[in-house]
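Please work through the exercises below with the sequence and the model open beside you. Each task sentence is followed by a solution that goes step by step.

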Amino acid sequence: MKIEENINLSNFSTLKVGGKAKRLFFPENIEDIKYIINLSQDTEKKLIPIGIGSNLIFKDGELDYIFVSTKFLKNLHITENNEYFYIEADAGVSFKTLVNLVKRYNLEGFESLSGIPASIGGAVAMNAGAYGSEIFDIIEEVYWINKEGKLIVSKKNEINYSYRYTQFQEEGFVYKAILKLKKSNKNIPQIIKKHLLDRNKKQPLDLPTTGSTYKNPEGTYAGYLLEKAGFKGKRVGDIGFSQKHANFLVNYGNGKYKDLKKLLELAEEKVKEEFKINLEREVKIIE
Ligand SMILES: Cc1cc2nc3c(=O)[nH]c(=O)nc-3n(C[C@H](O)[C@H](O)[C@H](O)COP(=O)(O)OP(=O)(O)OC[C@H]3O[C@@H](n4cnc5c(N)ncnc54)[C@H](O)[C@@H]3O)c2cc1C
């Protein structure tokens, strides 16, 4: 298995902020993953899986965890019957790859998710979603490895998940997932194009970002609250809430973790003061 040392974690977060990891593991198969999980147990160091890093923020300085990139877990297997396609995808398979498949075979169920910069592992762990759907709408089964290094196959109804939450955020490593997609009569590539254009219009895709910083509180939008509280475009150093979308953090060049922390604390305090709402972070911050 490939192991890299003295790694710049900023290269593994789409916000491009973060310090150094002593080691980063790149498992290529299930045995490698089990080995790393055992190592995490033996050394009592927390294991941090990294997909695309589009929802992950690392603090500056040296971080002492077992970091694991899913970059080389790329197996993809497709089966079909008259009505459905079943896509069995390893944790490191990207949504970009899935979008190409979905377009090629005109499959229904993935179009709303198509612009999310995710790996299967990260999307399953986060229950990523957009435009009223989420990845768990199309999940059949998840293969995951628990803290004892045991492979478990869970059907969707056996998994604890909700809005941007799954049990995998606390336990286990997502190894692969099986998605069920319907053969469609609609023009799927066209629908996907529409979603991508809409994202381009609303999101600051020209700057390093991590997408939504906060979950939407029940009945309202985090972006709306942040905007009303005066945080749209607000900066501390080179980190700011985007001018284009108040809930998106962006890095204007030389963003530092301490600035980010300060900005989040200011925003959370102000929103609480003005709306009596505690914003819940969607981004995963590794300190
Ligand atoms: C421009 C932009 C737009 C976005 N739009 C959306 C959107 O519309 N909807 C949405 O839901 N999100 C969105 N996001 C956030 C992000 O893309 C999603 O949360 C995505 O699912 C993260 O996938 P990832 O592979 O990058 O995971 P990472 O960011 O690498 O990891 C996210 C979390 O999952 C854990 N994890 C990663 N892989 C595994 C694994 N194999 N097993 C267990 N845990 C794992 C990580 O440790 C971390 O806690 C957006 C982000 C950006 C930058």
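Two residues are counted as being in contact when heavy atoms lie within 4.5 Å. The model used throughout is a predicted one.

**Exercise 1. Describe how domain 1 and domain 3 meet.**

Step 1. Begin with the bounds: the domain assignment of the protein chain gives domain 1 as residues 2-69, domain 2 as 76-189 and domain 3 as 205-286.

Step 2. Taken over C-alpha atoms, the centres of domain 1 and domain 3 are 25 Å apart, and 16 residues of domain 1 are in contact with 19 residues of domain 3.

Step 3. Turn next to area, where the two domains bury about 1,300 Å² between them, with 63% of it on carbon and sulfur atoms. On the side of domain 1, the residues that lose the most area to domain 3 are Leu-15, Asn-55 and Ile-57, which together account for 50% of what that side buries.

Step 4. For the polar side of the picture, the rule finds 0 salt bridges across this interface, whereas it finds 9 residue pairs in polar contact there. Strand β4 (residues 56-58) supplies the largest share of the side of domain 1 that touches domain 3, namely 3 residues, and by class that side has 9 nonpolar, 4 polar and 3 charged residues.

**Exercise 2. Find which residues come nearest to the ligand, and then look for their polar atoms.**

Step 1. There are 34 residues around the ligand, and of these Pro-49, Gly-51, Ser-54, Ser-119 and Gly-129 come nearest.

Step 2. Consider the backbone of Gly-51, which has an N or O atom 2.7 Å from an oxygen atom of the ligand.

Step 3. Compare this with two serines: in Ser-54 an N or O atom of the side chain is 2.7 Å from a ligand oxygen atom, and in Ser-119 a polar side-chain atom lies 2.6 Å from an oxygen atom of the ligand.

**Exercise 3. Locate Asn-106 and Lys-276, and examine the phi of each.**

Step 1. Recall that most residues other than glycine have a negative phi.

Step 2. Asn-106, although not a glycine, has a positive phi of about 55°, and its place is in the loop between α2 (95-105) and β9 (107-108).

Step 3. Lys-276 is likewise not a glycine and has a positive phi of about 55°; this residue is found in the loop between α6 (257-275) and β21 (284-286).

**Exercise 4. State how many salt bridges the rule counts, and follow the one between Glu-108 and Lys-186.**

Step 1. The count comes to 15 salt bridges by this rule.

Step 2. In one of them the side chains of Glu-108 and Lys-186 meet, with 3.4 Å from N to O, which falls within the cut-off of 4 Å.

Step 3. This pair links distant parts of the chain, 78 residues apart, with Glu-108 in strand β9 and Lys-186 in the loop between β16 (173-183) and α4 (188-202).

Terms used:
Residues are numbered from 1 along each chain as its sequence is written. This is a predicted model: local features need pLDDT of at least 70, side-chain atom pairs count only at pLDDT 80 or more; totals for chains, interfaces and linings use all residues. Side-chain values use heavy atoms; hydrogens and water are left out. Domain bounds come from an automatic or database domain assignment. Buried area is the accessible area (1.4 Å probe) that two parts lose on being put together, summed over both. A polar contact is a pair of N or O atoms within 3.5 Å; within protein, one must be able to donate a hydrogen and the other to accept it, and residues adjacent in sequence count only if both atoms are side-chain atoms. Helices (H or I, at least four residues) and strands (E, at least two) are DSSP runs, numbered from the N terminus. Ala, Val, Leu, Ile, Met, Phe, Trp, Tyr, Cys and Pro count as nonpolar, Asp, Glu, Lys and Arg as charged, and the others, Gly among them, as polar. A residue is near a molecule or strand if one of its heavy atoms lies within 4 Å of it.
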